[in-house]
Amino acid sequence: MTTHLDRLLFAQGGQCFFCLKPLPKAEASVEHLVASANGGTNDDGNCVACCKALNHLLGSKSIKEKMQIVLNQRGNFQCPSSACAQPAPPPSPAPAATAPKAALQSTNGNPSAIDLVLADLKKRGASRPRKVATLTSTIKALLKQHQKPNTDAEIVSLIAELQKRGKVIVTDTKVSYRLG
Ligand SMILES: [Zn+2]
């Protein structure tokens with residue numbers, strides 16, 4: 001025998017009417033859009049299958065209040081139940097147009113190379129390297145010490161990034177700092 005709930009669930013493709021998550025029958029209940037208390041009928045046209053928790057929340061609110069609840073979710077409706085609250089799988093990351101420079105990238109919570117360099121330069125106070133050549137070898141040693149990529153190309157791109165961020169000003173062979 002097919003129940004009202006079975007019929008509604010089938011018509012909805014086995015999904016909750018509101019959150020569109022797969023809805024096991026044990027978690028499902030019949031929601032009367034116009035509540036029975038407000039004169040709503042049992043017809044399929046007035047009924048949807050949805051998560052029990054949401055049905056409970058909507059209760060016998062007016063259809064206006066219900067619409068407001070749905071609209072307030074701004075298109076990303078989550079039913080207030082554990083069955084429906086499972087996070088959607090994270091979207092697969094869009095392929096980056098260009099591979100980020102390893103030296104500028106912070107990976108798994110480690111400080112990025114540029115953060116290491118900035119921290120080191122701040123620590124040095126007045127004894128910061130005054131020449132590009134010294135700065136280059138200082139950064140190289142620091143990155144090596146932290147087992148970061150430390151090729152000449154990495155260091156050139158690091159110094160370029162420092163300049164772009166306004167932390168370092170290079171004039172000919174001389175370096176000055178705006179570390180704040
Ligand atoms: Zn739901």
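Mentor: A polar contact is a pair of N or O atoms within 3.5 Å, where, within protein, one atom must be able to donate a hydrogen and the other to accept it, and residues adjacent in sequence count only if both atoms are side-chain atoms. The model before you is predicted, so that local features need pLDDT of at least 70 and side-chain atom pairs count only at pLDDT 80 or more, while totals for chains, interfaces and linings use all residues. Residues are numbered from 1 along each chain as its sequence is written, and side-chain values use heavy atoms, with hydrogens and water left out.

Trainee: What does the side chain of arginine 128 reach?

Mentor: The side chain of arginine 128 reaches the backbone oxygen of leucine 121 at 2.7 Å. Arginine 128 is found in the loop between α4 (113–124) and α5 (132–145), the helices (H or I, at least four residues) and strands (E, at least two) being DSSP runs numbered from the N terminus. Leaving aside neighbours within four places in sequence, arginine 128 is in contact (heavy atoms within 4.5 Å) with Leu121, Lys122, Tyr177 and Leu179.

Trainee: How do you know that arginine 128 has no salt bridge?

Mentor: A salt bridge needs a side-chain nitrogen of Lys or Arg within 4 Å of a carboxyl oxygen of Asp or Glu. The nearest side chain of opposite charge, aspartate 120, is 8.5 Å from arginine 128, which is nevertheless buried. In this count Lys and Arg are positive and Asp and Glu negative, while His and the chain ends are left out.

Trainee: Why is isoleucine 114 called buried, and why does leucine 20 count as exposed?

Mentor: Buried means under 20% relative accessible area, exposed over 50%, and partly exposed in between, with a 1.4 Å probe and protein chains only. Isoleucine 114, in helix α4, has a relative accessible area of 1% and is therefore buried, whereas leucine 20, in the loop between α1 and β1, stands at 51% and therefore counts as exposed. Glutamine 147, which lies in the loop between α5 and α6 (152–164), is exposed with 75%. Phi is positive in leucine 20, near 65°, and in glutamine 147, near 50°, neither being a glycine.

Trainee: What makes the arrangement around the zinc ion tetrahedral?

Mentor: The protein donors (N, O and S atoms within 2.8 Å of the metal, or 3.2 Å for Na, K and Ca; water is not among the atoms, so sites may look incomplete) are Cys16 (SG), Cys19 (SG), Cys51 (SG) and Cys79 (SG), lying 2.2 to 2.4 Å from the zinc ion. Four donors count as tetrahedral if all angles lie between 85 and 135 degrees; the four donor atoms here subtend angles of 102 to 124°, so the arrangement is tetrahedral.

Trainee: Which parts does the pair of cysteine 16 and cysteine 51 tie together?

Mentor: Cysteine 16 lies in the loop between α1 (4–11) and β1 (28–32) and cysteine 51 in strand β2 (residues 47–51), so the pair ties together parts that are 35 residues apart in sequence. Both cysteine 16 and cysteine 51 are buried.

Trainee: Why does valine 48 count as buried?

Mentor: Valine 48, placed in strand β2, has 4% relative accessibility and therefore counts as buried. Leaving aside neighbours within four places in sequence, valine 48 is in contact with several residues, among them Leu8, Phe17, Phe18 and Val30.

Methods. Four donors count as tetrahedral if all angles lie between 85 and 135 degrees; four count as square planar and six as octahedral if opposite donors are over 155 degrees apart and all others between 65 and 115; anything else is irregular.
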